[in-house]
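Student: Before we begin, could you show me the sequence and the model, and then help me to read a few of its features?

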Amino acid sequence: MGSYHAGSCTATNIKISFSLFLFLVGVASAQLSPTFYSTSCPNALSTIKSAVDSAVSSEARMGASLLRLHFHDCFVNGCDASVLLDDTASLPGEKTAAPNANSLRGFDVIDTIKTQLESLCPKVVSCADILTVAARDSIVALGGPTYTVPLGRRDATTASLSAANSNLPGPQLNLAALISAFSNKGFTAKEMVALSGSHTIGQARCTTFRNRLYNEANINASFATSLKSQCPSSGGDNTLSPLDVTSPTSFDNAYFRNLVSQKGLLHSDQQLYSGGSTNTIVDAYISNTGTFRADFANAMKKMGNLSPLTGTNGQIRTNCRKVN
C-alpha cells in the first residue's frame, strides 16, 4: 500500500513536471498576437498612434524615417529593437553601420513614445513592438494602407554592427543582388518590389544617388539636370532629394510610375524597371493601386514577424537606447 502511494506520488510529480515543461516551452515559443496588450496596457496602441500622428504632422518626412527604422531593425537579426541601442564601451551598436550612420533618424520620437508608455504601464511594452506599430501608423498617417500588427516582441540585449553592415540592402545594388538580399530574409521578388514601394515617401542624401546622376544612362535627362543643381559632382553629400519626385509625402503608387519614366532616384530603385524580371510587377502596381496596397501591407506584416524574441527571451527595455 505504501509503495503504491509512493508510486502514484512519483507519477504525479512526473506529470506536474511534464506540464511545467510544456508550459515553459509554450512560453518560450509564444506566438505574437494583436491582443497582446489588451489587458496589460490597453492604451498602448492609441498612445503610439497619437505620438506618431503628431510627429508626422510636424514633419511629413518623419513617417518615412520611422518606417525605415523598423526595416533596418528587422533585417538585422530580426525585429528586436537592436537598432535603437547606443554604442557602449563593450558593445558597438548598429547606429554607426554604413547604411545607418548619418541617415537613420526618428530615435527621439521612439524615446517620447517609450517615456509615455513607461508612465502608463511600466516595463510592459517593448521597444520592438513600438517600432513595429509606429511604422504601420506612419504609413497610415501618410495615406497608406492599415493592417493588423501582431504584438508580443521582446527587446534584444545585444546588437550586431557587422550584421547591419552586411544584411541591409544598399542603394547601389543591382536587381539580382536585391532579389538575393530579400530572399535571404524569406521574401519573394514580388514582396521585394512591394516593400520598395515604401520609397513613395521619404528622402535620400545626395551621396546615395550621385553616381547614378553622373554615370548612368537610364535616367530621365531633365530629371537628372534638376537634381544636379542640388547634388553637385563633389560636395553637398547630405543634401536631400525626394525618393518620389511626384508626391513625396503621399503614400501612393507614383513611385512605380516614376520608374517607367526613368525617374528612379536611386540605382536600386531604377533596377526594378530596367528590362528585368520585375518589370511586370511594377506595371501591375501602376495599373492597380489596390493590389500594391494589399501586397505592401502583407509584406510589412511578414517583415514584422522576422525572428521576434518572445516568451522569456530578451527583455522589456525601460530605455530603448540601452539594456536594462
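Student: How do the side chains of D86 and K95 meet?

Tutor: First, some ground rules: this is a predicted model, in which local features need pLDDT of at least 70 and side-chain atom pairs count only at pLDDT 80 or more, while totals for chains, interfaces and linings use all residues. Residues are numbered from 1 along each chain as its sequence is written, and side-chain values use heavy atoms, with hydrogens and water left out. A salt bridge is a side-chain nitrogen of Lys or Arg within 4 Å of a carboxyl oxygen of Asp or Glu. The side chains of D86 and K95 form such a salt bridge, at 2.4 Å from N to O, and a search of the whole structure finds 12 salt bridges.

Student: Which other residues are linked with D86 and K95 in a network of salt bridges?

Tutor: The network also takes in D111 and R321, and within it the side chains of D86 and R321 meet at 3.5 Å, N to O. Because D86 lies in the loop between helix 3 (61–74) and helix 4 (107–120), and R321 in the segment after helix 14 (289–304), this pair ties together parts that are 235 residues apart in sequence. Helices here are DSSP runs of H or I with at least four residues, strands are runs of E with at least two, and both are numbered from the N terminus.

Student: Is K95 buried or exposed?

Tutor: Buried means under 20% relative accessible area, exposed over 50%, and partly exposed in between, with a 1.4 Å probe and protein chains only. K95 is buried at 16%, whereas D86 is partly exposed at 28%, as is R321 at 27%.

Student: Why do the buried residues of helix 10 lie on the same side?

Tutor: An α-helix has 3.6 residues a turn, so residues three or four places apart point the same way. In helix 10 (residues 221–228), F223, A224 and L227 are buried. They cover an arc of only 95 degrees around the axis, taken from the directions from the helix axis to the C-beta atoms, which puts them on the same side of helix 10. The face turned away from that buried side carries the exposed residues A221, S222 and T225.

Student: What do the buried residues of helix 10 pack against?

Tutor: Contact means heavy atoms within 4.5 Å, and the buried residues of helix 10 pack against helix 9 (206–215) and strand 2 (240–242).
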